[in-house]
Amino acid sequence: MRRNSSLLGLIGVVLLLFAAVAAVITRARTNVDLFYIAINGLVGLFGVVAYLSSGVQQVRDAVTQRSTKYGANALAMSVVFLGVLAVVNYLVAGNDRRFDLTEQSAFSLSPQSSSVVKGLTQPLEVQAFVEGGLNPELSDLLALYGRESKEFKYELIDPDKQPELAERYQIKTYNTIRFQYGNESTTIAQPTEENITNAIIKVTRTSQKTICFVEGHGEPDIDDVQSPTGLASFRQALANENYAVQKVLLASVASVPAECTVTVAIGTEKPYLESELTAVRGYLDGGGRVLFLLPPRKGNELVPLLAELGVQVGNDVVVDQVVRLFQGPALGLAPLVNTYGPHEITRDFKQRTVFPMARSVRAGADGKAGIAATELVKTSPNSWAESDLAALFERSSAGLDPSADTKGPVAVATVVDLDLKTLGKKTDGTARLAVYGSAEFASSRELEGTYYNRDLLLNTVGWLVGQSDLVSVRPRGVRASRVQFTADQYTVIFYLSVLFLPQVLLLVGLAVWWRRE
C-alpha cells in the first residue's frame, strides 16, 4: 500500500507539472485549455494529497528507500536538463539566426529586397491595414524585412478599431499597406514581396530617372498590352522600379532630350536617319547611356557606330540545337543561356535566360584606350553563329560550317564603359552602352515567362543608370506552398504533440520503472 501511494504521489506531481506547462503556453484561452488544465490539476492534486495523507512515517520510509533515491537523482537530472534547455533558449533568443533550407529560399527575401531594405538610412514606417488586425502571412513577410534593417518598422492595424487612421490615410480596403519615409509616402493594395519592395524603392528614391524609347522606325510599342511581342511588360517593370518612361522621336529633334537618363534604341527594318545617328553619337559623347536591342537583319545602320565603340555585331543568327522535353529536336533559334561574364550586372546571377532570334554581339575593343568592353552573355559550347541567313530563313536549314560560321560559345550581349577624357571628348566622365543581339529578349512574352529575362534586363538598366542596389535577382511571384490548418486542427496537433503524448509516455515510463524497482 505504501509503495502504491508513493507511485500515486509521483503521478500527481507529473500531472501538476503538465497542468502548469499547459497554463503557461496556452494561457487558458479556450475551453479545451481550461478542461485540460483543470483535469490535470485536480487529479494531480488528489494524488499528492493522497500520498501525503498516508503518513509522515511513510514519507520518511519513502525518502530512505533506494528507489526514492534513484527517483530523486532522476528528478535532479531532469531539473539540470531543463536548466540547460533554458540557458540554450536564452542564448538563442539573444542571437537570433535563421536557416532557410528550401531549394528556392522560399522563406527568405529575394536578393533585391534584401539589398533595398538594407539601404535604408532613416526609419521607414509601414502600416498594414488588415481585417481584425491579424494577417499571419503578411506579418511573417514584413518580419523578414524587419530582420534585414532596424530602420524598417511595421505594425498591423485593424481599420475597424482605428477608423481615424484609415480616414486620415484614405484607406478604403483591407490589406492596404502605407509606407512613410521622410516626407515621401505611398500605398499598395496587393501586399506581395514584389509590390512591397517596389514601394520601398519608390519612397526612398529622391529623384526619378527617365528611360527614353526611340520611336519612328516601327519599333515594338511600349504601350501594346495585347501583343506578346510588345514592350508593355518592359515599361511596367521600369515603372515598378520608379523609372519614368517616355517615347522620343529622334527625327523631330536635334539631339536626345537632356532628361533621358537612358535611351533605348531598337533595331528595325526601317533604318535610322543620319541625323538620328548623329544625335545618338552626340548623346554618348556627352556621357549618355544607351541600351541597344539589335535582332538579326535589322538595325544594321547602327553596326558601324557600335564597332567604333568596341562592339562587333555579327550578320548572323545564333543557333543552338537542343532537344527539349516534349518538344523534340528544335531548329534552335531560341538559345537558353546560363553562362555570364564577370560584371556588376551578372554578379551572383545564375538563373537561365532565353534569347529568341539573336545575333552575335562580341567585344571588339582590342587595344582601344578608353574603351572597356565585356561580353556579358554567352550561349552554350554546342551553339554557333550561323552566317547562311538565306538557308536559315528561306529553307529552314541550319548546320555548322567551320569555314564560315563561328563555333560557340557565342556572345549575344556586350556592355561597354567609355572613358570620355581618354577618348578625347569634350566632356569628362563615363558613357555606357549595353548591346543585346535580340529584341524579342525584352518582349512581354519573354519577360513574363519562366526564365529570368526581366531580372537581367532590369539589372542592365540599373547598371546604365548607376543604381547598383537595383542590380540583383528580383522577387518571384510564386512562393512555397503552405499547409493551412483550422483552429481545431491546430489545437488537436498541439495537444497531441506537445502535451498528451509526452505526458502518456512519461507516465507509462514512470509506472514501468516503478514496477521494476
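This report walks through a disulfide, one helix and a few unusual backbone spots in a predicted model.

## The disulfide

Let's start with the cysteines. Searching the whole structure turns up one disulfide. Its partners are cysteine 212 and cysteine 260, with an S to S distance of 1.9 Å. The bridge ties together distant parts of the chain, since its two ends lie 48 residues apart. Cysteine 212 belongs to strand S5, while cysteine 260 sits in the loop between S6 and strand S7 (262-266).

Which hand does this bridge have, left or right? The torsion about the S-S bond of cysteine 212 and cysteine 260 is about -90 degrees, so the disulfide is left-handed. If you look for these residues on the surface, note that cysteine 212 is buried, and cysteine 260 is buried as well.

## Helix H9 and its neighbours

Helix H9 covers residues 232-240. Its buried residues are Ala232, Ser233, Phe234, Ala237 and Leu238. A general point helps when reading such a list: an α-helix has 3.6 residues a turn, so residues three or four places apart point the same way.

What do the buried residues of H9 pack against? Their partners include three strands: S5 (210-214), S6 and S8 (289-293). Two helices are also on the list, H13 (444-447) and H14 (453-465). Strand S5 is a link back to the disulfide, as cysteine 212 lies in that strand.

## Two residues with positive phi

Just after H9 comes asparagine 242, where phi is positive at about 70 degrees, even though this residue is not a glycine. Asparagine 242 lies in the loop that runs from helix H9 to strand S6 (244-248). Is this asparagine buried or exposed? Its relative accessibility is 11%, and with buried meaning under 20%, asparagine 242 counts as buried.

Glutamine 170 is another non-glycine residue with a positive phi, here about 55 degrees. You will find glutamine 170 in the loop between helix H7 (163-168) and strand S3 (176-181). Its relative accessibility is 63%, and because exposed means over 50%, glutamine 170 counts as exposed. So the loop residue after H9 is buried, whereas glutamine 170 is exposed.

## A cis peptide bond

One last backbone feature is worth a look on your screen. The peptide bond that runs from glycine 408 to proline 409 is cis, and its omega is near 5 degrees. Proline 409 is placed in the loop between strand S19 (406-407) and strand S20 (411-419).

Terms used:
Residues are numbered from 1 along each chain as its sequence is written. This is a predicted model: local features need pLDDT of at least 70, side-chain atom pairs count only at pLDDT 80 or more; totals for chains, interfaces and linings use all residues. Side-chain values use heavy atoms; hydrogens and water are left out. Helices (H or I, at least four residues) and strands (E, at least two) are DSSP runs, numbered from the N terminus. Buried means under 20% relative accessible area, exposed over 50%, partly exposed in between (1.4 Å probe, protein chains only). Contact means heavy atoms within 4.5 Å. A disulfide is a pair of cysteine sulfur atoms within 2.5 Å.
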